[in-house]
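Student: I am new to this structure and would like to learn how to read it step by step. Where should we begin?

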Amino acid sequence: MQSMPPDYLLDRRKFLSDSGRLLVMISSFGALACACKKEGESRLTELVIEKGRLVLDLNESRYHSLNTVGNGLKIEITRQEKPLIVTRVSETTVAAFSSQCTHAGYEILLPEQGVLACSSGHGGAFDLTGQLLSGPPKSNLPSYPTQLIANRIHIAYPLG
Ligand code: FES
């Protein structure tokens with residue numbers, strides 16, 4: 001069998017670097033594929049990235065639920081991590097945080113009457129901003145800075 005010349009071998013670091021560039025290129029055109037699971041929680045969709053920030057346009061039907069205070073939406077960024085939860089906290093404020101519980105890593109459910117319960121059944125509960133309300137978790141859900149500007153939510157989520 002003939003061996004491949006070394007320069008044809010894929011260098012892992014170069015691959016990761018080039019992949020990152022490709023992601024940024026795709027992002028700069030405003031489309032990042034996103035596979036999502038359940039109706040009401042998430043959908044097969046595309047994410048819009050502007051200047052390194054995830055942007056949700058609340059005029060789009062897929063994000064309409066976030067026009068109502070108290071609602072939340074899950075957005076799957078990658079298949080390797082639990083979805084991001086975005087909530088409408090008030091008329092003027094929104095929040096975005098991890099859906100991975102800080103107790104034992106189970107997924108957090110969407111809000112009901114202002115409370116996000118942990119799916120584990122251990123009793124963990126968080127408020128609309130991801131702050132711990134009760135249960136065994138010792139800390140809040142990791143959150144990401146958000147801004148609501150002209151009916152668009154901008155989320156400083158680390159995308160690469
Ligand atoms: S994993 Fe969430 S309360 Fe235990």
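Tutor: Let us begin with the terms: helices (H or I, at least four residues) and strands (E, at least two) are DSSP runs, and they are numbered from the N terminus. In this model, which is predicted, the chain holds one helix and 12 strands.

Student: In what pattern do the helix and strands follow one another along the sequence?

Tutor: Reading along the sequence, we meet the helix and then the strands, in the pattern α-β-β-β-β-β-β-β-β-β-β-β-β.

Student: How much of the chain is buried?

Tutor: A residue counts as buried if 20 or more other C-beta atoms lie within 10 Å of its own. By that cut-off, buried residues make up 24% of the 160 residues in the chain. Strand β6, which spans residues 94–98, is mostly covered, since five of its five residues are buried.

Student: Which strands pair with β6, and in what sense?

Tutor: Strand β5, residues 84–88, pairs with β6 in the antiparallel sense over five bridges, and a hairpin of five residues joins β5 to β6. Strand β10, residues 143–144, also pairs with β6 in the antiparallel sense, over two bridges.

Student: Which residues are bridge partners in these pairings?

Tutor: Between β5 and β6, Leu84 has Ser98 of β6 as its bridge partner, while Ala96 has Tyr144 of β10 as its bridge partner.

Student: How are side chains arranged along a regular strand?

Tutor: As a general idea, side chains in a regular strand alternate between the two faces of the sheet.

Key: Residues numbered from 1 in each chain as written. Predicted model: local features only at pLDDT ≥ 70, side-chain atom pairs only at ≥ 80, totals over all residues. Buried ≥ 20, exposed ≤ 12 C-beta atoms within 10 Å, placed from the backbone. Pairing = 2+ DSSP bridges.
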